[in-house]
Amino acid sequence: MEGTKIIDLMAEEDLEYLDINGSTNNDNGATIPSDRSSHEQRVAIDRSLSFTKIYTPPVYKPKTLILAYQSLGVVYGDLGTSPLNVLSSIALPHPSEEDLLGILSLIVWTTTVLVLIKYVFIVLHADDHGEGGTFALYSYLCRHINFSSKFTIRNTRLESDRNMRYYSQGSCIKSTTKRFLEGSTKAQTLLTFLVLLGTCMVIGDGALTPATCEDVVLLAVVLLVALFAFQSCGTSKVGFCFSPIMVTWFVSNAAIGIYNIIRYHPSILKGLSPLYIYKFFERRGKMAWDILGAVFLSITAVILTYAGEVAYLVQYPDQLGNAYYASIPEQIYWPMFIVSTLSAVVSSQSMISATFSIVKQSMALGCFPRVNIIHTSSKHEGQVYSPEINYILMVICVGLVVGFKGGVQLSNAYGAFMTSLLNKIPQGGWVPFAISAVFLVVMFSWTYGRSKKSLYEEERKMSLTEIGQMLSTTNLYRPPGFCFFCTDLVNGIPPIVRRYIQHTNSVREVMVIITVRTLPIKSVLPEERLVVGKLGPEGVYRCLVQFGYKDSPGMDGEDFIALVVGKLSEISETTGEKWKLRLAEESGAVFVVGRTILKSNKKKGWFARFVIDYLYRFLQKNCRAAVSALIVPPESTLQIGMVYEI
């Protein structure tokens, strides 16, 4: 950063989404509750100024019809365009009418079982304040279960958050499950790994879905580049623009499906009976099982469209490889070709948007390298865009289209019926595994490094006695002014303070340990932005700085310092203390931020050394710096480096 002074001495305290719980440490470093005695109340965080009591978020009532319309262009694109690929990706020589009825029955009952039973009755009830997915559920578990594993994703919500209206109340976790998870660090580690794996597989789908949008390679590349270029406009605008395409798609396909059923094979609807699945497997054996990988695509589809395609194929079974386009009536072929091409592109939007959201959640939990996250809506916290992730997905998708040259091989990369998919690894089934593996290495390395860094700092934090002794040293220079130490350490005083004082032999008269937190609300009012408290020695304070997702996380200028002085004056007990704060305000401030280099201990095994010294360090060098997330005055910033031997 231009104008930022760099001293290669000390510790990084990355500025991310942070916690504070109102506790402090005794001389031995043990935790002291903040409500035990009047003296302890003075040295602990002032809980009367806790976030729970000072902020009540506004209740936003969304316009349901508008959101439903937008969802057609974002969510339901992927849920309705699979008829383009399902039947054409089935390799079945000389299919009979009984075979086609069996395939239709497989499609119908796969859709019913996975969509209705799994999603409607299970997944929709497993949410965390409206957020779904593995990270949301893991975050829910972290708030109700005490994780003691050294390899875990940190929880970013406060204990007091349970009283807030947009957070869940209480725990629905059974006591037996809770006891088991709390008593087994291996289970906790396995759960963390599964969370990372499941998330990476979703991101893999996010890269794969756009690549299957079109068989014509040149046209596919052009449309994909245009699609990714359009992402910066935001989810709302994308949804409004894409929704008319999907309305046309659904209406026209339903009409064509009904037409094909009536014209070619009205009795095709008997394929709704699961009996034909049994007959199909009995007749085709292993080949029927292999087809499940393609049938899985149908869980995102319209039954009438499939029924119409199968009705057409009963009379023209040789057209199985081109089922969708062959079944379109000749008079409307070209209009439907245009609509289907546009719809195929739109179908990619849901996975792209989901990938942005997943990356945002994983960054908030400290298990993904820092990238730029832009909130594109002032009303909906979940509508985000990441330029870096957008271009990475674009490069992957274009590479897949060019490499596979579109067509069936990319469809072979899909599946959830794992044993069916394994048989297609040589024909493209390896793609989702490869993409997921790359992202898993990234997320695992970052999570492992961050957990080791947090553990290192937690073990070496300063006690109140130690900071008191250092500040009382006669040869310590104490010029007037503020010194803001930025940290993500939840409890105690970070080791960056110790090293700073040791190597500079000076510190300003007023020290403020700052942690920063971004909340799932649009904006935090200026008068509600700070939660402050004393940390024991005179002139040492703790400050929680809170921003909404649309706020500019700025701590520069006189307004910020004046706001800090005002809050600290409210808890000042003497006139001299207030006078010292005013003098410090006039003298200015310095912001101390850190940059840590992790180095693996030689006693560690080769795996730990490889992850820390190569993978994590590579990611740290190439991701956004922690200080870049905040607006701090560069002329008043000290960026301090330190090597942590993990």
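Confidence in this predicted model averages a pLDDT of 77 over the protein chain, and 78% of the residues score at least 70. Among the elements of the chain, helix α12 (residues 303-315) has the highest mean pLDDT, 93, whereas strand β1 (residues 5-7) has the lowest, 35. Two segments remain under a pLDDT of 50. Residues 1-60 form one of them, and the model places 181 contacts beyond four places in sequence for this segment. The other comprises residues 163-168, for which 24 such contacts are found.

The protein chain contains 24 helices and 11 strands. Of its 646 residues, 54% are buried. Contacts between residues 24 or more positions apart constitute 80% of those with a separation of 6 or more. The area exposed by the chain is about 28700 Å², of which carbon and sulfur atoms supply 61%.

The unreviewed UniProt entry lists residues 100-122, 187-204, 216-232, 244-262, 288-312, 332-356, 389-408 and 428-448 under "transmembrane region". Two of these spans were examined for secondary structure and end-to-end distance. Residues 187-204 are 100% helix and 0% strand, with 25 Å between the end C-alpha atoms. Residues 244-262 are likewise 100% helix and 0% strand, and their end C-alpha atoms lie 27 Å apart.

Ile332 is the residue at which the UniProt entry begins the listed span 332-356. In the model, Ile332 occupies the loop between α13 (323-326) and α14 (333-346). Its relative accessibility is 33%, and Ile332 therefore counts as partly exposed. The C-alpha atom of Ile332 is separated by 9.8 Å from that of Ile256, although the two residues are 76 positions apart along the chain.

Strand β9 (residues 540-548) is mostly covered, with nine of its nine residues buried. In a regular strand, side chains alternate between the two faces of the sheet. In β9, Val540, Arg542, Leu544, Gln546 and Gly548 point one way, while Tyr541, Cys543, Val545 and Phe547 point the other way. The residues of both sets are buried.

Strand β8 (residues 530-534) pairs with β9 in the antiparallel sense, over five bridges. Within this pairing, Val531 has Leu544 of β9 as its bridge partner. Leu544 also belongs to the set of buried β9 residues that includes Val540 and Gly548. The two strands form a hairpin in which five residues separate β8 from β9, and Gly536 in the turn adopts a positive phi of about 110°.

Positive phi values also occur in residues other than glycine. His94, which is not a glycine, has a phi of about 50°. This residue is placed in the loop between α3 (64-74) and α4 (97-121). With a relative accessible area of 76%, above the 50% limit, His94 is therefore classed as exposed. Asn505 likewise is a residue other than glycine with a positive phi, near 55°. The position of Asn505 is in the loop between α21 (495-504) and β7 (510-519). Asn505 has a relative accessible area of 34% and is therefore partly exposed.

Definitions and conventions
Residues numbered from 1 in each chain as written. Heavy atoms only, no water. Helix = DSSP H or I, 4+ residues; strand = E, 2+ residues; numbered from the N terminus. Buried < 20%, exposed > 50% of the residue type's maximum accessible area, 1.4 Å probe, protein only. Contact = heavy atoms within 4.5 Å. Areas by Shrake-Rupley, 256 points an atom, 1.4 Å probe, with all protein chains shown as cover. pLDDT = per-residue confidence, 0-100. Pairing = 2+ DSSP bridges. UniProt positions renumbered as here; feature names shortened; annotations may be inferred.
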